[in-house]
Amino acid sequence: MVNVKGTAIAGRRQYMLRYHGEEKLRAVLSKLKDRDAAHRLETGALKSAWYPFDLLIDLTETIDRVVGKGDGRLYRSIAAQTAEDDLSSVYKVFFKFLQPTYIFNKAAQLWSAYYTSGRLQTTQLTPGTVELEILNFETPHWAHCESVLGWAQRSIELTGVKGVRAEHVDCRTKGAAQCRMRLFWKE
């Protein structure tokens, strides 16, 4: 079974509180499949704990159904909030001096600190273009790929570069051999 670090769960909870309030958060939690986990999330999520990956997917999809249109368009925004929260504290000053490629290379190195499956591979295709591939992930899911892409896009934006754009190229859940994403920005 794949597990995910609590920062992703806590980030989704924080997204709900910040943009939709406690009442909507309770509405989301009431619809989660894992009732025990839903009850525990009422009071918070421990960022350093490990949670089932299935809970992350269920939480992400449920948020999208409850406060969105259920079409997956919120996945990137939800994950972007996690990047904002995690990277804009003490690291905010440093981000202004970092290149996007450095951030992605560091994210690839840290993948196993956040997931118990797979790895992230980054390839700079041209100046201002990076391809991300999620390799050997045990349980691929469209919501996860979109979340990784939303986190990556917001991370680049925090460096101050302009014209950031993200594209989901391929996904194993749609028959591709690997999950691939591309990010573009103006150098």
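Two strands are said to pair if DSSP finds at least two bridges between them, and the strands themselves (E, at least two residues), like the helices (H or I, at least four), are DSSP runs numbered from the N terminus. The model on screen is predicted, so local features need pLDDT of at least 70 and side-chain atom pairs count only at pLDDT 80 or more, while totals for chains, interfaces and linings use all residues. Residues are numbered from 1 along each chain as its sequence is written, and side-chain values use heavy atoms, with hydrogens and water left out.

Begin by selecting residues 129-135, which make up strand β4. Add residues 179-186, strand β6, and you will find six bridges joining β6 to β4, with the two strands running antiparallel; at one place along them, Val-130 stands opposite Leu-183 of β6.

Next select residues 119-126, strand β3, which pairs with β4 through seven bridges, again in the antiparallel sense. Arg-119 has Leu-135 of β4 as its bridge partner. Follow the chain from β3 to β4 and you pass through a hairpin with two residues between the strands, where Gly-128 in the turn has a positive phi of about 85°.

Now return to β4 and show its side chains. In a regular strand, side chains alternate between the two faces of the sheet. On one side of β4 are Thr-129, Glu-131, Glu-133 and Leu-135, on the other Val-130, Leu-132 and Ile-134, and all of them are buried (under 20% relative accessible area, with exposed meaning over 50% and partly exposed in between, for a 1.4 Å probe and protein chains only).

From here, move to the aromatic rings, of which the whole structure holds five pairs (rings of Phe, Tyr and Trp, the last by its six-membered ring, with centres within 6.5 Å; planes under 30 degrees apart count as stacked, over 60 as edge-to-face and the rest as tilted). Select Phe-53 and Phe-137: their ring centres are 5.0 Å apart and their planes lie at 65°, so this pair is edge-to-face. Phe-53 belongs to helix α3 (residues 53-67) and Phe-137 to the loop between β4 and α7 (142-157), which places the two partners 84 residues apart in the chain. Both of these residues, Phe-53 and Phe-137, are buried.

Keep Phe-137 selected and add Trp-111, which forms another edge-to-face pair with Phe-137, at 6.2 Å centre to centre and 80° between the planes. Trp-111 comes from helix α6 (residues 100-114), 26 residues from Phe-137. Adding Tyr-115 completes a cluster in which ring pairs link Phe-53, Trp-111, Tyr-115 and Phe-137.
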